[in-house]
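Grab a pencil and work through these exercises with the structure open beside you. Try each task yourself before reading its solution.

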Amino acid sequence: MAAPRSFLWTRRVFLTLLTGFVLLPVYVMVSSSLKPLEDVSGEFRWMPSGLTIRPYVDIWGTVPLARYFMNSLIVAGAATVCSVVIAVFAAYAVSRYRFRGKRLFTVSVLSTQMFPGILFLLPLFLIFVNIGNTTGVALFGSRGGLILTYLTFSLPFSIWMLIGYFDSVPRELDEAALVDGCGPVKALFRVVVPAAVPGIVAVAVYAFMTAWGEVLFASVMTNDTTRTLAVGLQGYSTQNDVYWNQIMAASLVVSVPVVAGFLLLQRYLVTGLTAGAVK
């Protein structure tokens, strides 16, 4: 049955308005990043009077953006890898084996998502400082301390999410691999992990985006050497002036890795979890 013409026109109008609502901030960012500072600081104009790429050159000198970029890449990448690896083993154990305290573990992992992150700021700060004073291991103000901090948020959600994915993978695949001579670990990486690639990719994307754009803990747990992009962008705002065009240019530059990664991995996010696994 064909949809009424009124419905089609209503859908078109709604989608057009929604698209404009989404793209309008992007247009403002792009146009502002191509304007001289005088034009951005003055009266707003939809069409820039002059275009320049100077802000994209100046962003690297106004603040040490390259260092902030590298810090964010290292911290987000390491947090993502650690979160995915640990979550795969933990979720596989919960999904495939029975052990005492299994339900308590699952509930505890899920309940950690109920608390706001700011509640953990002071405890983690005191723990890192005391560890540094006692053992000499400098976690506060280091990349390693920030990676451990991000794991406290991304790991519980990653485990809980992968448990559901692994539960959806037929157990017959594990049994067939064990019959063929594979051990539990070998069966995990040769059978279960390939079948759960969409779930693992979703977890990786979540962990990376969480670490890449986090501001609260990065502003407290880092120093001038280990500062990340989310905090470093504040350097374009000084006591004398605010470099709005450079802020817009830097915001577009730092969003490239996330957007590019999502575009490259989106096919895994929409692929059937076990499509073709069992015939």
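**Exercise 1: Salt bridges**

This is a predicted model, and the salt-bridge count in it comes to two. Find the residues that pair up, and say where the Arg54 pair sits.

*Solution.* Start with the general idea: side chains of opposite charge can pair when their charged atoms come close. The cut-off here is 4 Å between a side-chain nitrogen of Lys or Arg and a carboxyl oxygen of Asp or Glu. Arg54 and Asp58 pass, with their closest N and O atoms 3.1 Å apart. Both sit in helix α3 (residues 54-62), four residues apart, which is about one turn of the helix. Next come Asp224 and Arg227, whose closest N and O atoms are 2.7 Å apart.

**Exercise 2: Buried or exposed?**

Sort Asp58, Arg227 and Phe21 into buried, partly exposed or exposed.

*Solution.* Buried means under 20% relative accessible area, and exposed means over 50%. Asp58 has 24%, so Asp58 is partly exposed. Arg227 has 23%, so Arg227 is partly exposed too. Phe21 has 64%, so Phe21 is exposed. Now look around Phe21, which lies in helix α1 (residues 5-33). Phe21 belongs to a nonpolar surface patch that also includes Phe14, Leu18 and Val30. Together, the patch residues have about 750 Å² of accessible area.

**Exercise 3: The largest core**

Which helix gives the most residues to the largest nonpolar core?

*Solution.* First, the core itself: it has 28 residues, and Met221 is one of those touching the most other members. Several helices each supply at least two residues, including α4 (65-96) and α7 (143-168). The winner is α4, with five residues.

Methods: Residues are numbered from 1 along each chain as its sequence is written. This is a predicted model: local features need pLDDT of at least 70, side-chain atom pairs count only at pLDDT 80 or more; totals for chains, interfaces and linings use all residues. Side-chain values use heavy atoms; hydrogens and water are left out. A nonpolar core is a set of buried Ala, Val, Leu, Ile, Met, Phe, Trp, Tyr and Cys residues joined through side-chain atoms within 4.5 Å. Buried means under 20% relative accessible area, exposed over 50%, partly exposed in between (1.4 Å probe, protein chains only). Patches are made of residues with over 30% relative accessible area and no salt bridge: like charges are joined within 9 Å, nonpolar side chains (Val, Leu, Ile, Met, Phe, Trp, Tyr) within 5 Å. Accessible areas come from the Shrake-Rupley method with a 1.4 Å probe; for residues, only the protein chains shown count as cover.
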